[in-house]
Amino acid sequence: NCGAIPKSLIESELFGYEGGSFTGAKREGCPGKFELAHGGTIFLDEIGDMPFDVQVSLLRVLQSWEVSRIGSGKTIRVDVRVISATHHNVKQAAANNQFRNDLYYRLNVFGIHIPPLRERKEDIPILAEHFMKKYASNVQDNAMAFSPEAMTAMERYQWPGNVRELEHVVTSAML
């Protein structure tokens, strides 16, 4: 989650570091997420929250498919598929110089737009039932069900927190 990693640590998390390269670093160093994903896929969630200066480093990796650990002069070749997601309008952010334009075009090879839950009310009963089954083992009563009134209320609600909010509400109601 690019938005959850502190700005001071994101490069060491993504690209790794050599031992002793900064205070608190492990003596033996640490591979980054790109190294660990070699031969597979890396999912960069909330890419729209990635600091602008780190975007430059990510762009370099996506152009060369090589990473340099912090504190190292050598490069490590990586073969990864990159999937990214965000709730931001990255195209607009790139137009406003809030996201690197070249990184946007490097990442935007194939886009999938998932509309917010408020625009797909037909998914609410399906998701609510899924979350209820998912968390049923946490409660004593496995025979729970939504009343028609509860389901109508959920379908009328706008869900500003999207699917995560629905999951939280269902879980809270069950508990």
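**Charge pairs, cysteines and the largest pocket**

Seven salt bridges are present in the structure, which is a predicted model. Side chains of opposite charge can pair when their charged atoms come close. One of these bridges joins the side chains of Arg 100 and Asp 102, with a distance of 2.6 Å from N to O. Asp 102 is partly exposed, its relative accessible area being 34%. In another bridge, the side chains of Asp 123 and Arg 120 meet at 2.9 Å, N to O. Within this pair, Asp 123 is partly exposed at 22% relative accessibility, whereas Arg 120 is buried, with a relative accessible area of 15%.

A further salt bridge is formed by the side chains of Glu 167 and Lys 134, at 3.2 Å from N to O. Because Glu 167 belongs to helix α8 and Lys 134 to helix α6, this pair ties together parts of the chain that are 33 residues apart in sequence. Lys 134 is partly exposed, with a relative accessible area of 45%. In addition, Glu 18, Glu 35 and Arg 69 are joined into one network by salt bridges that share partners.

Asp 45, in contrast, is a charged residue that is buried and has no salt bridge. This residue is found in strand β3, which covers residues 41-45. The nearest side chain of opposite charge is that of Arg 164, 4.2 Å away; a salt bridge requires the nitrogen and the carboxyl oxygen to lie within 4 Å, so the pair does not qualify. Arg 164 is nevertheless among the residues in contact with Asp 45 when neighbours within four places in sequence are left aside. The other contacts counted in this way are Asn 1, Cys 2, Gly 3 and Ala 85.

Cys 2, one of the residues in contact with Asp 45, takes part in no disulfide, as the structure holds zero disulfides. The closest cysteine sulfur to that of Cys 2 belongs to Cys 30 and is 17 Å away, which is too far for a bond. Likewise, the sulfur of Cys 30 has its closest cysteine sulfur in Cys 2, at 17 Å. The surroundings of the two residues were also assessed by accessibility. Cys 2 is buried, at 4% relative accessibility, while Cys 30 is partly exposed, with a relative accessible area of 21%.

Empty space in the model was examined next. Rolling a probe the size of a water molecule over the atoms shows where such space is left. The largest pocket contains about 1500 Å³ of space. Its lining consists of 38 residues, and those nearest the centre of the pocket are Ser 84, Ala 85, Thr 86, His 87 and Ile 112. Ala 85 is also one of the residues in contact with Asp 45. At least two lining residues are supplied by each of β3, β6 (81-85), α4 (90-95), α5 (101-107) and α8 (162-174). Strand β6 provides the largest share of the lining, with five residues.

Ala 145 lies elsewhere in the chain, in the loop between α6 (123-134) and α7 (148-156). This residue is exposed, with a relative accessible area of 64%. The C-alpha atoms of Ala 145 and Ala 128 are separated by 10.0 Å, and the two residues are 17 residues apart along the chain.

Note on methods. Residues are numbered from 1 along each chain as its sequence is written. This is a predicted model: local features need pLDDT of at least 70, side-chain atom pairs count only at pLDDT 80 or more; totals for chains, interfaces and linings use all residues. Side-chain values use heavy atoms; hydrogens and water are left out. Helices (H or I, at least four residues) and strands (E, at least two) are DSSP runs, numbered from the N terminus. Buried means under 20% relative accessible area, exposed over 50%, partly exposed in between (1.4 Å probe, protein chains only). Lys and Arg count as positive and Asp and Glu as negative; His and the chain ends are not counted. Contact means heavy atoms within 4.5 Å. A disulfide is a pair of cysteine sulfur atoms within 2.5 Å. On a 1 Å grid over the protein atoms alone, a cavity is a set of points where a 1.4 Å probe fits but cannot get out, and a pocket is an open set with protein on both sides within 12 Å along at least five of seven lines; lining residues have an atom within 4 Å of a point. Grid points are joined across faces, edges and corners, and a volume is the space filled by probe spheres set on the points.
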